[in-house]
Amino acid sequence: MKELELRWKSEDPIKMYRNLRMPQYEINRIRPSICQESFYIGNYSCLVAEFSMQRSIGFYLVQLYLPTILIVVISWVSFWMDVDSVPGRTTLGVTTLLTVSTKSSDIQEGLPQVSYVKAIDVWMGACTAFVFCALLEFTLVNYMWRKRPQPKVPGLFGMGGGRVGGRPAGDICTSCKEKKGSEGSDAAIFPPPGIAMANKTMTDEALAALPLQLVASLASNNSRRVQAIDSNCRVLFPLSFVFFNVIYWCYYLL
């Protein structure tokens, strides 16, 4: 037996205050329904209103998304800095990485602790990965820049009893016969083009400058490779970040 029965109005059952606003949520719709409750003193009807709310993105757009985007973009400035600017590039990379980590911790403090992955977790993880990869790229190019080969220049030798630096060529190249005998072939290491050999004579100054010329040539090749990596990263990192933004916003907003 029902002692009390409650019903919603047929038209506009729930009216919200016109200026009602919440700082972090927006009310999408309100669904009214009726329920029945049983107690030891009788059965009663009840009214239920279900509020469907959506988190407001404006707050997080200003407080989180725009600052982290700027931090990621600032980390790319190191690609335009000289590779030998170790203090500047290191400070920039470490500072941006710590800033992103601190921002992520501040945001997580105001969010509920849940076991599933939230959209904000995906965003902060991606931003941290981009900043870390920029710092890792500097580590790679700096290692390539500092790894300057020190080639072992064997003595020059010629054929026909030529002389180098006023001495017989055979006396300068003492390891060529051993190399020939160990490899079982007539292969030998010749100097670069433009260096006098065989029946010509080279001065002591030119002979002393030979290793410096080789080292300078190898260092120039290293510099070109490092500059090519930085140039590619200037395009690759922004394009990757834009591609991630397109996928992220299309997935969580559409």
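This text goes through the packing of helices H1, H2 and H3 and then the cavity and the largest pocket of the structure. The model is predicted.

Two packed helices are described by the angle between their axes and the distance between the axes. For H1 and H3, the axes come within 9 Å of each other and cross at roughly 15°. Angles under 35 degrees count as roughly parallel, and H1 and H3 are therefore roughly parallel to each other. H1 passes H3 in a left-handed crossing. On the H1 side, the contact is made by Leu64, Tyr65, Thr68, Ile69, Val72 and Ser75. H3 contributes Ile120, Trp123, Met124, Cys127, Phe130, Val131 and Ala134. By class, this contact of H1 with H3 has eleven nonpolar and two polar residues, and no charged ones.

H1 also packs on H2, at an angle of about 165° and with the axes 9 Å apart. Because angles over 145 degrees count as roughly antiparallel, H1 is roughly antiparallel to H2. The crossing of H1 and H2 is again a left-handed one. In this contact H1 uses Gln63, Leu64, Pro67, Thr68, Ile71, Ile74 and Ser75, while H2 supplies Leu92, Thr96, Thr99, Val100, Lys103 and Ile107. The residues of the contact of H1 with H2 divide into seven nonpolar, five polar and one charged. Leu64, Thr68 and Ser75 of H1 appear both in the contact with H3 and in the contact with H2.

The remaining pair among these three helices is H2 and H3. H2, which covers residues 86–109, packs against H3 at an angle of about 165°, the two axes lying 10 Å apart. That angle makes H2 roughly antiparallel to H3. The crossing of H2 and H3 is left-handed. By class, the contact of H2 with H3 has 13 nonpolar, seven polar and five charged residues.

The enclosed space comes next. The count is one cavity of 30 Å³ or more, and the largest cavity holds about 40 Å³ of space. Its lining consists of Ser75, Ser78, Arg89, Gly93, Thr96, Val131, Ala134, Leu135 and Phe138. H2 and H3 are the elements that give two or more residues to this lining. The largest share, four residues, comes from H3. By class, the lining of the largest cavity has four nonpolar, four polar and one charged residues. Several lining residues are also contact residues of the helix pairs: Ser75, Val131 and Ala134 line the cavity and take part in the contact of H1 with H3. Thr96 likewise lines the cavity and belongs to the contact of H1 with H2.

The open space is described by the largest pocket, whose volume is about 570 Å³. Of the 18 residues that line this pocket, Arg55, Tyr60, Tyr65, Ala119 and Ile120 are the closest to its centre. Two or more lining residues come from each of strand E3 (42–55), helix H1 (57–75), helix H3 (119–146) and helix H6 (204–253). H6 gives the most to the lining, with four residues. The lining residues of the largest pocket divide into 13 nonpolar, two polar and three charged. Tyr65 and Ile120, listed among the residues closest to the pocket centre, are also part of the contact between H1 and H3.

Notes. Residues are numbered from 1 along each chain as its sequence is written. This is a predicted model: local features need pLDDT of at least 70, side-chain atom pairs count only at pLDDT 80 or more; totals for chains, interfaces and linings use all residues. Side-chain values use heavy atoms; hydrogens and water are left out. On a 1 Å grid over the protein atoms alone, a cavity is a set of points where a 1.4 Å probe fits but cannot get out, and a pocket is an open set with protein on both sides within 12 Å along at least five of seven lines; lining residues have an atom within 4 Å of a point. Grid points are joined across faces, edges and corners, and a volume is the space filled by probe spheres set on the points. Ala, Val, Leu, Ile, Met, Phe, Trp, Tyr, Cys and Pro count as nonpolar, Asp, Glu, Lys and Arg as charged, and the others, Gly among them, as polar. Axes are lines fitted to C-alpha atoms, for helices over the stretch in contact, and angles run from 0 to 180 degrees between N-to-C directions. Angles under 35 degrees count as roughly parallel, over 145 as roughly antiparallel, 65 to 115 as roughly perpendicular and the rest as oblique. A crossing is left-handed if the near helix is turned anticlockwise from the far one by less than a right angle, and right-handed if clockwise. Contact means heavy atoms within 4.5 Å.
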